[in-house]
Amino acid sequence: MSRRRQSDENDGGQPHKRRRTSEPIEIEDRLESLICRVGEKSTSSLESNLEGLAGVLEADLPNYKNKILRILCAVARLLPEKLTVYTTLVGLLNARNYNFGGEFVEAMIRQLKETLKNNLYNEAVYLVRFLSDLVNCHVIAAPSMVAMFENFVSVTQEEDVPQVRSDWFVYVVLSCLPWVGKELYEKKDVEMDRLLSQVEGYLKRRVKTHVPMLQVWTAETPHPQEEYLDCLWAQIQKLKKDRWQERHILRPYIAFDSVLCEALQHNLPPFTPPGHMPDAQYPMPRVVFRMFDYTDAPEGPVMPGSHSVERFVIEENLHCIIKTHWKERKTCAAQLLSYPGKNKIPLNYHIVEVIFGELFQLPAPPHIDVMYTTLLIELCKLQPGSLPQVLAQATEMLYMRLDTMNTICIDRLINWFSHHLSNFQFRWSWDDWADCLTLDLEKPKPKFVKEVLEKSMRLSYHQRIVDIVPPTFAALIPAEPIFIFKYADESAASLPGYPASITVGNAIKNRASNEEILTILKEVPNPNQEDDDDEGESFNPLKIDVFLQTLLHLAAKSFSHSFSALAKFHEILKTLTESDEGKLHILKVVYEVWRNHPQIIAVLVDKLIRTQIVDCAAVANWLFSQDMAHEFTRLFIWEILHSTIRKMNKHVQKIQKELEEAKDKLEKQQHKRRDSGDDEDMDKNSEDEEGQLEEQIERLQEKVESAQSEQKNLFLVIFQRFIMLLTEHLVRCETGSVDISTPWYKNCIERLQQIFLMHHVTIQQYMGTLENLLFTAELDHHILAVYQQFCALQL
């Protein structure tokens, strides 16, 4: 009998047991899939799918209510482009099960509080918009939604809070009105008028010093570059004038009006916006990107005007689709092209404008730059008959407007365009851009073409670029990227370092030791020292010149050869660069030998910093030095500088993280000791460990302070050099009565803005020092304006 029971358990018991645990998981996965995919391609209508899904969920509520609540709250936050589909689903569920509707509203409010607490402001916008659309589905009573909006707008009356905080709460209210404005005005027109007049009062008194720093173009023609709240306010004003009639939002709940209007509604619990916290990170203000209007899309449907609310809704939904699917370029492209209502609008123009709007967004695009390139390539593949033409038209427009385009955005355009061309055999109608050949090479158009060709060469090879570009463009084609070795042949025999270079070259080839090579270098005459000067070792530039030129010449075959050479002779290089002049000179030599190959310069400088042969401040000083003045406006210079700053910032963050971890460990250790009671051995071990940890924390604290001091010094060096260069230019122009706005000046002032924008989080820590030492009231107002714009971004 016992044997039979055992075999029963083995044969029949186990599978039953497994089925019991796996079945709910399967059902939960099925529910998630059904909810997430509703509204996607289907043979039946969206309405019948929603009704069917509401039936399925209602039947599963007794067993899976919490799971269904969790999924619906998640899609409200994470799939904003399908907002009205899900509000309709919740409306249908509320009509069938009033208690579930109430629990869902409570769960959403809890989630909203959580997202605000965690600084997830973009997701919070979607949650409030979802709640507002539930008014249309008769889930939430209109008066309680108006009360919530009133509480949001009351934030504008708070004192001593950053403007970006008030901006965000106003934006949330305004951005919900395309969905719910009509319903709220029908029920609560007096309150809504009062609310909008409060918003108008706030918008009139807002400070907008920051706007010039965030504009893609300095010119207001052909399209004004409006601040995002001003633009949205104009769109809402027009919507109100049109009696809240908009024609673009998909509203599935209208089909269910007879069912939904019978449902009981819930009142939102009173919602007080959480108070301002010093560590709150509110979204930065934006400028709305515009490059097309109805005249640019002559065939097919008309493009909505820039102040029509349809333009806001379309752009908002396209941004949401990109935000949801940006990691999967194929899905993202397919979702963009299957946008609902695509036959009523010139969709390709909207998509291209939205993608470029994100790519050029300042201070930084929402996603990595390369994502936009791959997405546009994917879109071209899916719509080969129409999208490439729109993209070519957009590129042509961007080229025509280069003179007034922000330098940071030109950089991104160069990187995008060269990468895009490399995927289409570098085919382009270059002759159409022949106008740039008659201009000064420092002007934006020839500069742009030159930089695009230089970047394209990195993605192919020199001869290929020579072959694809018309011969007339010869002046803009990059030089052949060859190594320039000044001790190359007999003609250099008269140079003072020539004999030593031959000896060093042979020593390296014969695998001489570091000591032997240093002995050879000792014999190199010092051009800085008089013959009768027997003082100690002063800085000898010729030593570095001879050694590094020879070493890099022998290792010029590839990146790997160069890296190995630097690693192998690290000790010699460290010895040669003990002084600040030595560090500057080593960078000067790297530039001299590789001046026709900017990519390898950038890579080698990066390697020299990583191996601590040079420091970050030396790189900054070198880039701003007189020797590099002729290259100052080249893109590779700024790539090196930003890479250097990022390296410094990462170094500081790494040590700070180590310090935090050590402190946590010590805290845990102390807790453990307190909890362990009277165990003497344990106490002794713990005390030893704590002692070691305290020493480690002390060491790390010193390291953090030293790294932060180095970081602050780096920014001081950079800003000081900018101020010196710009002041010299302004004085020169004033003395000669010349206009200050030269291409060089525009480039330089926008590069200064770029430093502030790209590294704003770090720079904010040192605002006091910068204000006291550099950006003082006596500074020329042209330079000080940049600092004031930066400060206004967070006010």
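Visitor: Let me start on the outside. Which residues form a negative surface patch here?

Guide: One thing before we look: this is a predicted model. The negative surface patch is made by Glu694, Glu695, Glu698, Glu702 and Glu705.

Visitor: Take Glu695. Where is its place, and is Glu695 buried or exposed?

Guide: You'll find Glu695 in helix α28, which covers residues 680-735. As for cover, a residue counts as exposed when its relative accessible area is over 50%. Glu695 has 53%, so it is exposed.

Visitor: Let me step back to the whole protein. How many helices and strands are there?

Guide: The protein has 32 helices and 0 strands. Along its principal axes, the C-alpha trace spans about 105 × 80 × 60 Å. Of the 795 residues, 50% are buried.

Visitor: And which domains does the domain assignment give?

Guide: There's domain 1 (26-261), domain 2 (310-476), domain 3 (496-526 + 539-642) and domain 4 (643-673 + 688-792). To get a feel for the spacing, take domain 1 and domain 3: their C-alpha centres lie 59 Å apart.

Visitor: Now for a look inside. Is Leu608 buried or exposed?

Guide: Buried means under 20% relative accessible area. Leu608 has just 3%, so it is buried. Leu608 belongs to helix α25, residues 598-610. You can also relate Leu608 to Leu587: they are 21 residues apart in sequence, and their C-alpha atoms are 8.8 Å apart in space.

Visitor: Next, charges that pair up. How many salt bridges does a search of the whole structure find?

Guide: Here's the general idea: side chains of opposite charge can pair when their charged atoms come close. In this structure, the search finds 37 salt bridges.

Visitor: Show me one. Which residue forms a salt bridge with Glu158?

Guide: That's Arg165, and the closest N and O atoms of the two are 2.8 Å apart. Check the cover on each side, too. Arg165 is buried, with a relative accessible area of 2%, while Glu158 is partly exposed at 32%.

Visitor: What about Glu200 and Lys204: where do they both lie?

Guide: Both sit in helix α7 (residues 163-205), 4 residues apart, which is about one turn of the helix. Their side chains meet in a salt bridge, at 3.9 Å from N to O. Glu200 counts as partly exposed because its relative accessibility is 30%. Lys204, with a relative accessible area of 68%, is exposed.

Visitor: That pair shares a helix. Which distant parts of the chain does the pair of Lys455 and Glu639 link?

Guide: First find the contact: the side chains of Lys455 and Glu639 meet in a salt bridge of 2.6 Å, N to O. Lys455 is in helix α17 (residues 444-458) and Glu639 in helix α27 (residues 635-676), so to speak two distant parts of the chain, 184 residues apart.

Visitor: Is Lys455 buried or exposed?

Guide: Lys455 is buried, because its relative accessible area is 10%. Its partner Glu639 is partly exposed, at 24%.

Visitor: One last feature. Which residues do salt bridges that share partners join into one network?

Guide: Look for Arg290, Arg311, Glu315 and Glu353: shared partners join these residues into one network.

Technical notes: Residues numbered from 1 in each chain as written. Predicted model: local features only at pLDDT ≥ 70, side-chain atom pairs only at ≥ 80, totals over all residues. Heavy atoms only, no water. Patch = residues over 30% accessible without salt bridge, like charges linked within 9 Å, V, L, I, M, F, W, Y side chains within 5 Å. Areas by Shrake-Rupley, 256 points an atom, 1.4 Å probe, with all protein chains shown as cover. Salt bridge = Lys/Arg side-chain N within 4 Å of Asp/Glu carboxyl O. Lys, Arg positive; Asp, Glu negative; His and termini not counted. Charge placed at Lys NZ, Arg CZ, Asp CG, Glu CD. Buried < 20%, exposed > 50% of the residue type's maximum accessible area, 1.4 Å probe, protein only. Domains from an automatic or database assignment.
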